[in-house]
Amino acid sequence: MANILRRPVLLLTVAAVLFSTVPASNSIPFILFHGIGDKCSGGVGNFTQLLSNLSGSPGSCLEIGNGEIDTWFMPLMHQANEACEKVKMMKELSQGYNIVAQSQGNLVARGLIEFCYDAPPVVNYVSLGGPHAGVAAIPKCSSGPFCAIAEALMKLEIYNDFVQDHIAPSGYVKIPGEMTKYLDHSKYLPKLNNERPDQRNSTFKNRFMSLHNLVLVMFQNDTTLVPKETSWFGYYTDDGFDSLLSTQQTKLYTEDWIGLKALDDVGKVKYVSVSGDHLMIAYNDVVKYVVPYLMA
């Protein structure tokens with residue numbers, strides 16, 4: 001099994017990171033959410049600075065909890081709530097801001113957009129390798145004590161209340177053939193995607209539909225997300241792994257549970273496919289598909 005919990009590798013040159021521009025007079029700020037097992041310093045910090053330099057817009061990586069450890073063990077709803085409170089305290093975001101999110105960080109970003117009451121508006125949202133429709137297999141780890149503990153607990157019973165309350169990625173594991181368990185016991189993704197028929201929330205949908213642009217970036221050689229099409233909201237059928245539904249074939253889209261179809265109908269959704277494995281994005285693709293949405 002590929003490792004959904006590894007730290008991302010970005011194919012960016014030192015020269016590009018050091019490249020600077022004059023901030024645009026009409027630019028609005030952006031925030032970045034990193035993936036699981038990462039932190040806002042190091043490579044993620046360099047990537048944030050690169051985006052700021054190239055776009056001319058002020059940007060910052062928003063850390064949740066203590067960073068690396070809490071990305072594993074803080075439930076996603078708690079992560080989204082913390083992001084909500086932090087954003088509301090950032091005066092520079094009060095007139096609106098853009099979001100860039102990596103991998104699991106997309107579920108925190110979407111929780112911020114959908115669940116956060118009285119928050120400043122999100123204008124553009126760029127998703128890099130986000131497991132938006134879930135992942136169909138329990139993630140495996142390659143190294144490190146944190147991921148080993150998380151993997152062991154998830155293997156006990158992914159839809160167990162203890163696991164759901166203590167292991168962040170358990171909140172978006174969606175196993176085909178176990179939809180009843182998933183809908184009854186998964187504590188994050190069904191709410192985020194308005195999947196429960198008797199609990200659909202129009203407020204969540206309206207907040208998501210308020211985006212000016214939604215950019216969904218899928219990596220062609222992604223073996224970390226199962227299936228990789230989850231980056232575009234595509235997923236397996238409910239009964240097994242034999243059939244894969246495109247985004248437009250899913251009920252989430254056709255019945256428009258979260259407003260994705262409504263955004264798509266007016267041309268606000270961009271489905272982008274880039275080469276490379278999970279989060280291994282080339283500099284030219286950053287310039288082409290990410291930077292333009294940070295400049296407005």
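The paragraphs below go through a predicted model, from the whole chain to helix H5, then to its cavities and pocket, and last to some single residues in loops.

The chain has 296 residues, and 56% of them count as buried. Its secondary structure comes to 13 helices and eight strands. Many of its contacts join stretches that are well separated in sequence: of those between residues at least 6 apart, 72% join residues at least 24 apart.

Helix H5, residues 105-115, is a useful place to begin. This helix is mostly covered, with 11 of its 11 residues buried. The buried residues run from Gly-105 and Asn-106 at one end to Glu-114 and Phe-115 at the other, and they include the charged side chain of Arg-110. Several elements take part in covering them. Among the strands are S1 (30-33), S3 (97-102) and S4 (122-128). Among the helices are H4 (76-89), H9 (189-192) and H10.

The pairing of H5 with H10 can be described in more detail. H10 spans residues 202-209, and its axis comes within 7 Å of the axis of H5, the two crossing at roughly 110 degrees. An angle of 65 to 115 degrees counts as roughly perpendicular, so H5 is roughly perpendicular to H10. On the H5 side the contact is made by Arg-110, Ile-113, Glu-114 and Phe-115, and on the H10 side by Phe-204, Arg-207 and Phe-208. By class, this contact has four nonpolar and three charged residues, and no polar ones.

Arg-110 deserves a separate look. This residue is found in helix H5. Its relative accessible area is 0%, and because buried means under 20%, Arg-110 is buried. Leaving out residues up to four places away in sequence, Arg-110 touches Tyr-125, His-132, Leu-192, Asn-193, Phe-208, Phe-233 and Ile-258. Phe-208 in that list is also one of the H10 residues in the contact with H5. Arg-110 and Phe-204 lie 94 residues apart in sequence, while their C-alpha atoms are 9.7 Å apart in space.

The next topic is enclosed space. The structure holds three cavities of 30 Å³ or more. In the largest cavity there is about 90 Å³ of space. Two residues of H5, Gly-105 and Val-108, are in its lining, together with others that include Phe-33, His-34, Leu-62, Glu-63, Thr-71, Gln-79 and Gln-104. The lining divides into five nonpolar, six polar and one charged residue.

Gln-79, one of these lining residues, is found in helix H4. With a relative accessible area of 3%, Gln-79 is buried. Apart from neighbours within four places in sequence, Gln-79 is in contact with Ile-64, Asp-70, Thr-71, Met-74, Gln-104, Val-108 and Ala-168. Of these partners, Ile-64, Thr-71, Gln-104 and Val-108 are also in the lining of the largest cavity.

The largest pocket, by contrast, is an open space. About 340 Å³ of space lies in the largest pocket. Its lining has 19 residues, and those nearest its centre are Lys-174, Glu-195, Asp-238, Lys-251 and Trp-257. Helix H8 (179-185), strand S6 (235-236) and helix H11 (251-254) each give two or more residues to this lining. By class, the lining has 10 nonpolar, four polar and five charged residues.

Some loop residues remain. Ser-243 lies in the loop between S6 and strand S7 (244-245). Its relative accessibility is 38%, so Ser-243 counts as partly exposed. Not counting residues up to four places away in sequence, Ser-243 touches Tyr-235, Tyr-236 and Thr-237.

Pro-227 is in the loop between strand S5 (213-219) and S6. The peptide bond that joins Val-226 and Pro-227 is cis, with omega about 0 degrees.

Two residues other than glycine have positive phi values. Asp-118, in the loop between H5 and S4, has a phi of about 60 degrees. Asp-256, in the loop between H11 and helix H12 (260-265), has a phi near 55 degrees. Their accessibility sets them apart: Asp-118 is exposed, with a relative accessible area of 62%, whereas Asp-256 counts as buried at 12%.

Definitions and conventions. Residues numbered from 1 in each chain as written. Predicted model: local features only at pLDDT ≥ 70, side-chain atom pairs only at ≥ 80, totals over all residues. Heavy atoms only, no water. 1 Å grid on protein atoms, 1.4 Å probe; cavity = no way out; pocket = protein on both sides within 12 Å on 5 of 7 lines; lining within 4 Å. Points joined across faces, edges and corners; volume = space filled by probe spheres on them. Helix = DSSP H or I, 4+ residues; strand = E, 2+ residues; numbered from the N terminus. Axes fitted to C-alpha atoms, helices over the stretch in contact; angles between N-to-C directions. Parallel < 35°, antiparallel > 145°, perpendicular 65-115°, else oblique. Contact = heavy atoms within 4.5 Å. Buried < 20%, exposed > 50% of the residue type's maximum accessible area, 1.4 Å probe, protein only.
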